[in-house]
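Trainee: I've got this one open in front of me and I'd like to quiz you on it. I'll ask, you walk me through the reasoning.

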Amino acid sequence: MIALVLGLFGLVLLVASASLFYNGVRKSAEERTLLRLGQLPEIPQVEVPARGWLELLLLRAGFDRRADRFMLWGAAWLLLIALAGMLAGWPGAALMTVTCPMLWRLYMSWRYHRRLRRMIEQLPTLLDHAVRSLKAGRTLSDAVLSAVEVSADPLKSAMQRVQRNVQMGASLDEALQDLAELYDQDEFRIFALGLRINHRYGGNASELLENLVKLIREREQGHRQLRAMTGETRMTSVVLALLPIAMAGYFLLVNPNYLLSMWHTSDGQLMLLAAFVLQVLGCVALWRMLRSI
């Protein structure tokens with residue numbers, strides 16, 4: 001079983017490496033041809049937002065596309081599959097094959113939302129610093145970019161993307177619009193829209209940023225009030241998600257043969273696997289419901 005899993009994994013890596021090599025050779029040939037014809041397209045000034053779902057997920061969670069990180073995650077996943085196959089046979093290997101990507105996806109989503117919530121909490125402080133810089137006589141672009149330097153992570157690391165785009169020649173509102181599309185957050189969209197209106201039609205920039213700070217704080221206050229009002233619902237969902245797991249743990253402590261005897265029969269294995277799948281689907285459904293409130 002382990003040899004079969006390792007063989008399939010090696011075959012997938014071989015096909016992926018051959019595909020990457022072919023695409024690289026074809027892209028290089030096309031670029032050389034366009035360069036000879038004088039039709040090589042210009043490099044855009046604004047960094048293109050991530051298009052692939054995996055790249056978008058990593059950027060939102062604060063990770064970069066390092067090959068060694070992918071290799072480490074893949075090796076850990078393969079090791080867990082092999083250990084599950086040795087301990088529980090093919091059902092354990094199949095269960096680990098499905099569970100690990102699902103847990104990794106939930107972890108990345110949780111990290112993204114926690115990071116985004118922290119960024120929104122830090123945004124009024126950045127805008128306050130920009131307002132003080134504006135009143136001291138600096139331009140709007142210099143005031144916002146200087147406020148980035150005194151910010152803390154994760155907002156600072158996210159706003160450094162805006163700094164790079166501005167240094168490449170993009171306007172500040174375009175760079176912020178790129179950031180808003182990356183993180184899919186209304187506060188960043190409002191910030192970019194306000195700067196675009198100020199850039200095109202002028203106006204009092206400090207008053208604009210002060211109104212934006214007030215709006216963000218009112219939205220945050222409303223969000224906290226909503227969480228307080230729905231606290232009972234969220235606690236009920238947590239109890240419903242943890243109750244089957246707690247019962248299974250109780251049975252393993254009090255009478256371990258009750259569940260272990262089921263695992264040694266084919267019908268019992270199917271029942272346990274079905275219970276696990278239903279538990280995972282129920283947790284995902286509850287999690288999606290909690291995200292909507």
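Trainee: Which side chain of opposite charge is nearest to Arg 115, and how far away is it?

Mentor: Arg 115 is buried (under 20% relative accessible area; over 50% is exposed, in between is partly exposed, with a 1.4 Å probe and protein chains only). Still, Arg 115 has no salt bridge, meaning a side-chain nitrogen of Lys or Arg within 4 Å of a carboxyl oxygen of Asp or Glu. Lys and Arg count as positive and Asp and Glu as negative, while His and the chain ends are not counted. On that basis the nearest candidate is Asp 153, at 6.8 Å.

Trainee: Before we go further, what kind of model is this?

Mentor: Residues are numbered from 1 along each chain as its sequence is written, and side-chain values use heavy atoms, with hydrogens and water left out. Local features need pLDDT of at least 70, side-chain atom pairs count only at pLDDT 80 or more, and totals for chains, interfaces and linings use all residues, as this is a predicted model.

Trainee: Back to Arg 115, then. Which residue has a backbone oxygen 3.4 Å from a polar atom of the Arg 115 side chain?

Mentor: Arg 115 sits in helix H3, residues 67-135 (helices are DSSP runs of H or I, at least four residues, and strands are E runs of at least two, numbered from the N terminus). Beyond its neighbours within four places in sequence, Arg 115 has contacts (heavy atoms within 4.5 Å) that include Leu 59, Pro 154, Ser 157 and Tyr 183. The backbone oxygen at 3.4 Å from a polar atom of the Arg 115 side chain belongs to Arg 60.

Trainee: Which residue forms a salt bridge with Asp 178?

Mentor: The structure has 11 salt bridges in total. This one has an N to O distance of 2.8 Å, and it links H6 (172-183) with H5 (155-167), across 17 residues. Asp 178 counts as buried because its relative accessibility is 5%, and its partner, at 6%, is buried as well. That partner is Arg 161.

Trainee: How far apart in sequence are Asp 186 and Arg 219?

Mentor: These two form a salt bridge with the closest N and O atoms 3.8 Å apart. Asp 186 belongs to H7 (186-201) and Arg 219 to H8 (205-229), so the pair links parts of the chain separated by 33 residues.

Trainee: What residues make up the network they belong to?

Mentor: Asp 186 is partly exposed at 38%, and Arg 219 is partly exposed at 36%. Arg 189 and Asp 184 form another salt bridge, with N and O 2.5 Å apart. Shared partners join the network of Glu 181, Asp 184, Asp 186, Glu 187, Arg 189 and Arg 219.

Trainee: Which residue's backbone nitrogen lies 3.4 Å from a polar atom of the Asn 204 side chain?

Mentor: Asn 204 is in the loop between H7 and H8, and at 47% it is partly exposed. Its C-alpha is 9.9 Å from that of Leu 134, which is 70 residues away along the chain. The backbone nitrogen in question is that of Glu 207.

Trainee: How is the ring pair of Tyr 183 and Phe 188 classed?

Mentor: Rings of Phe, Tyr and Trp (its six-membered ring) pair if their centres lie within 6.5 Å; planes under 30 degrees apart are stacked, over 60 edge-to-face, and the rest tilted. There are 3 aromatic pairs, and one of them is Tyr 107 with Trp 110, tilted at 6.1 Å and 35 degrees, with both residues in H3. In the Tyr 183 and Phe 188 pair the centres are 6.4 Å apart and the planes at 50 degrees, so the class is tilted.

Trainee: Which element gives the most residues to the largest nonpolar core?

Mentor: A nonpolar core is a set of buried Ala, Val, Leu, Ile, Met, Phe, Trp, Tyr and Cys residues joined through side-chain atoms within 4.5 Å. The largest has 36 residues, and Tyr 183 and Phe 188 are among those with the most contacts inside it. Elements giving two or more residues are H3, H4 (140-149), H5, H6, H7 and H8. The top contributor, with 10 residues, is H3.

Key
Polar contact = N/O pair within 3.5 Å; in protein donor to acceptor, adjacent residues only side chain to side chain.
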